[in-house]
Structures are given as structure tokens and as C-alpha cells.
Amino acid sequence: MSTDGFRHSDTNSNITGVYGSNMATARDVQVNPDTNEVSVQFTVHDEDLANYLAEYDDSEQVDVVERALRVGMMTLQLSETTKDVEHVKREFESLQSNFEEEIEQVRDELEETFGEDGDLEEALTEHLGEDGTLRDHIEDAFGEDGELTERLESVLGEDGSKIQDALDPDVEGTPTYRLKQEIRDIRQALEREAGREEERQQSWKKGESFEETLGNLLDTLVYNTTHEVEHTGDKEGEIPGRDVGDYVLTLGETGQDIVVEAKSEKDYYAQDIKDEMAEAIENRDAEYGIFVTECESYVPDKVGYFQEYDQEILCVALSADEDDDIDPGFLNIAWNWARMRTIQSHVDTGESVDTETIQAQVEEIRDSIDRFSSVKTKCSDIEETAGEIKTLLDEIRDDVRADLDTITTELSKAVES
């Protein structure tokens with residue numbers, strides 16, 4: 001390449017191109033790949049070309065020659081591509097011919113093996129035909145007088161008499177007799193369990209002490225779960241000489257403890273509740289405390305049916321007044337609420353817990369409990385609408401349970417991770 005950036009052809013040599021009577025002599029060709037510039041100086045002896053260019057003005061002839069060069073270049077490239085395509089076509093045709101020969105050979109082999117007079121047809125006729133050997137073997141084994149029939153009769157008896165005896169549920173020692181006994185035992189166990197369940201559900205109506213009633217209700221809450229309840233009202237705790245804290249609920253998910261205090265006394269004020277539950281939590285080394293009062297009338301109006309203090313103490317009432325039946329529904333809500341708060345204190349809230357969902361559900365629960373308390377109070381004064389109010393209470397209670405379950409599910413994700 002020269003110092004001006006162009007590659008030069010040998011200007012001392014003459015390169016002559018002949019196309020019919022046309023002739024061109026190259027004098028100087030310069031190519032600069034860096035700038036994509038091509039400089040060509042040559043003389044073409046061609047009457048048609050000269051006449052064609054003469055039709056254009058001098059200012060247009062350079063553009064026409066440049067277009068002619070481009071068209072010629074693309075024609076040459078297309079010519080090379082066409083050669084490649086023809087080559088590929090010839091190779092493909094050769095491959096197709098070879099492939100058809102192979103297919104024909106395979107077809108002949110298949111016909112020889114699987115055709116009407118092929119090897120497979122001959123073998124099937126030999127073994128499965130009217131006089132085939134396999135047909136004879138099957139008849140000997142499974143025919144009316146075959147070996148299998150004889151063995152079945154020896155094992156099951158004629159017309160299945162032995163199997164009929166074995167399936168008779170009234171014949172002692174048979175499998176069906178044993179199954180009948182087991183079914184009877186299971187039914188009796190279920191009936192006993194149903195009786196115990198009914199006792200658990202109705203025990204709060206039997207006039208026992210409120211502490212015993214509460215214990216039965218707590219047993220029902222944890223029944224068939226991984227949680228446990230222990231009566232600790234007569235046991236000394238962490239504080240020497242103190243047995244405050246009647247029950248301890250242990251969570252199956254985390255092993256944390258919730259202390260429950262049963263109260264059936266009047267004139268308990270908010271500060272009294274806080275002080276006694278703080279002591280109960282310390283005495284039972286618990287994470288959370290539930291103060292359960294028998295009647296809403298035993299506590300101040302501002303405490304009501306459901307009141308939480310400092311996210312670690314919950315006060316809940318199970319009836320409106322002394323003459324009213326205890327409603328376990330509020331205890332169920334309180335248990336789920338306390339469980340939610342306890343697990344919440346256990347987990348390190350991070351990406352695995354949706355805090356916005358938890359906060360939203362807590363607010364919904366608070367609203368539902370306020371509605372519950374309001375409706376529950378009205379129940380004492382409006383007997384004629386008791387049925388509708390009870391239905392509404394059940395719906396609200398179910399809403400609260402569902403919200404608490406959602407929160408607990410979110411918290412359990414962090415516990416499991």
C-alpha cells in the first residue's frame with residue numbers, strides 16, 4: 001500500500017479484457033479499504049458503451065459509470081452465488097437418489113419379513129394357527145380340563161365352596177370375621193371419642209368452677225393439634241411461693257408459652273389486670289398472657305369483651321353477665337390472637353413475612369371485634385332478634401378466625417425458614 005492509503009496496481013503493465021469485439025485496458029487501479037475508496041483509470045473501446053454514455057451530459061457521465069460498476073459487481077457476486085446454489089442442488093439430488101435407493105431396500109426387507117408370505121406370517125401360522133403348537137399349550141393349561149382348572153378346584157373347592165367359607169363373616173377365624181370384629185371395635189372407639197368430644201363441648205354447662213370450665217375449653221382448643229395445655233394453678237412458678245398463672249399453653253410451631261389466668265370475681269380494673277398478668281407472665285416464663293373473666297360485667301366498660309395491653313396482655317370476657325351462658329367463641333378468638341402475637345414476637349420480620357398483609361389483617365380484626373362486642377351487648381336486651389344476631393355473631397367470629405389464620409400463615413413462613 002502507498003503512503004496515501006491506496007493500494008495501487010502495476011501501472012507499467014497492461015491488462016486487457018475482451019468481451020466480443022470490446023476491449024478495455026487497465027492503466028491504474030487504487031483501493032483504500034480503510035475509507036472504502038476505489039479509484040480506477042482505464043480506457044474502454046466499446047461502441048455501444050460510448051454511444052450510451054454520449055446520451056448523458058458530461059456532469060452525469062461519472063454517476064452513470066459508477067452505477068455501471070456497481071451493477072457489474074453485483075452481477076459477478078450473483079454469478080458466484082448461482083454457482084454455489086447449483087452445486088448444492090446437484091449434491092441434494094445425489095443424496096435424494098441415494099436415499100430413495102435405501103428406502104427401496106428397506107421396503108423389500110420389510111416385505112420379506114412382514115409381508116403376506118413373509119417370515120412373520122409363517123411363524124404365526126406355525127405357532128398360533130389352527131394346528132399351532134402355542135394353541136395346544138394354552139388349551140392344556142387353561143382349557144376346561146386344563147391344569148389351571150384342576151388347581152383352582154383343589155384350592156377353592158368345587159364351585160368355590162372353600163372361598164365362600166373363608167368369606168363368611170359369621171365363621172370364627174375367617175379373615176372377614178376378623179375384619180368384622182375390627183370394624184366393630186373402631187365404631188365403638190369412635191362412639192366413645194364422640195362422647196368425650198360432646199362432654200368437652202358441653203362441660204361448661206355443668207356448674208363446675210370457672211377455672212375447671214376454662215380448662216375444658218382450652219383442652220378443646222388444642223385437641224388434635226400440635227399445641228399443648230397444662231394446668232399450673234396449683235404449682236409454684238419462677239417466682240418463689242407464687243402460683244399465679246392457672247394454665248400454660250405451649251405452641252407447637254415455636255415452643256413458646258402463653259399463660260392463661262381464669263377470673264370469676266368482680267371489681268377488677270385495668271391496672272389490676274395489667275399487674276396480675278405481668279406477674280403471671282414472669283412466673284410462668286411466658287411470652288404472652290390472657291386474662292379470662294367469666295363476665296363482661298366484672299370488668300370496667302372500657303375493658304369490655306376484648307382488650308389488649310402493650311401487645312403482650314389480652315383481657316377477654318366469655319359472657320355478658322352472671323346469668324348468661326358462657327360463649328366459647330371469644331376464647332377461640334383470644335387464643336388465635338395470642339398465638340399470632342406470640343409467633344410475631346418470635347420471628348425476625350424480613351422478606352419472608354408480608355408486614356403490610358399482617359397490619360391490614362390486624363386492623364380488620366380490631367374492627368370485627370368492636371362489631372362483635374357491640375352486637376354481643378345488644379343481645380342481652382333484644383331477645384326477639386336473638387336468632388339474627390347470633391347468625392351475625394357467628395359470621396363475625398368466622399371472619400376473625402380467617403384473618404388470624406392468614407396472619408399466622410404469614411408468620412409461620414418465617415418460622416419454617
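This passage describes the overall make-up of a predicted protein model and then turns to its salt bridges, its cysteines, a buried asparagine, a surface patch and two loop residues.

In the predicted model, the protein is built from twelve helices and ten strands. The protein has 417 residues, of which 30% count as buried. When contacts with a sequence separation of 6 or more are considered, 53% of them are made by residues that stand 24 or more positions apart. The area that the protein exposes comes to about 27700 Å², and carbon and sulfur atoms supply 47% of this area.

Charged side chains were examined next. Side chains of opposite charge can pair when their charged atoms come close. Eight salt bridges are found in the structure, and among them are pairs in two quite separate settings, one within a helix and one that joins a strand to a helix. The helical example is formed by the side chains of E66 and R70, with a distance of 3.6 Å from N to O. Both E66 and R70 belong to helix 2, which covers residues 58–114, and the two positions are four residues apart, or about one turn of the helix. E66 has a relative accessible area of 39% and is therefore classed as partly exposed, since this value falls between the limits of 20% and 50%.

The other setting involves three residues, E261, K263 and E276, which are linked in a network of salt bridges. Within this network, the side chains of E261 and K263 meet at 3.4 Å from N to O, while the side chains of K263 and E276 meet at 2.7 Å, again from N to O. K263 is part of strand 7 (residues 257–263) and E276 is part of helix 9 (residues 270–283), so this pair ties together parts of the protein that are 13 residues apart in sequence. The members of the network are charged residues, yet they are not found on the exposed side of the classification: E261 is buried, because its relative accessible area of 4% is under the 20% limit, and K263, at 10% relative accessibility, counts as buried for that reason too, because 10% is under 20%. E276 is likewise buried.

The cysteines and a polar residue were also considered. A disulfide is a covalent bond between the sulfur atoms of two cysteines. The structure holds zero disulfides. Two of the cysteines, C295 and C315, are nevertheless placed away from the surface, C295 being buried at 0% relative accessibility and C315 being buried with a relative accessible area of 0%. N32, a residue of strand 3 (residues 22–32), is buried as well, with a relative accessible area of 6%. The side chain of N32 reaches the backbone nitrogen of D34 at a distance of 3.1 Å.

On the surface, a nonpolar patch is formed by V38, V40, F42, V44, L49, Y52, V65 and L69, which together have about 640 Å² of accessible area. Strand 4 (37–45), helix 1 (47–54) and helix 2 are the elements that give two or more residues to this patch, and the largest share comes from strand 4, which gives four residues. V65, one of the patch residues, lies in helix 2, the helix that also carries the salt bridge partners E66 and R70. At 33% relative accessibility V65 counts as partly exposed, because the value is neither under 20% nor over 50%.

Finally, the backbone angles single out two loop residues. Most residues other than glycine have a negative phi. N224, although it is not a glycine, has a positive phi of about 65°. N224 is located in the loop that joins helix 8 (210–222) to strand 5 (228–231), and at 71% relative accessibility N224 counts as exposed. Q311 is a further residue other than glycine with a positive phi, here near 55°. The loop that holds Q311 runs between strand 9 (306–309) and strand 10 (313–317). With a relative accessible area of 52%, Q311 is exposed, because this value is over the 50% limit.

Conventions. Residues numbered from 1 in each chain as written. Predicted model: local features only at pLDDT ≥ 70, side-chain atom pairs only at ≥ 80, totals over all residues. Heavy atoms only, no water. Salt bridge = Lys/Arg side-chain N within 4 Å of Asp/Glu carboxyl O. Buried < 20%, exposed > 50% of the residue type's maximum accessible area, 1.4 Å probe, protein only. Contact = heavy atoms within 4.5 Å. Areas by Shrake-Rupley, 256 points an atom, 1.4 Å probe, with all protein chains shown as cover. Disulfide = S-S within 2.5 Å. Polar contact = N/O pair within 3.5 Å; in protein donor to acceptor, adjacent residues only side chain to side chain. Patch = residues over 30% accessible without salt bridge, like charges linked within 9 Å, V, L, I, M, F, W, Y side chains within 5 Å.
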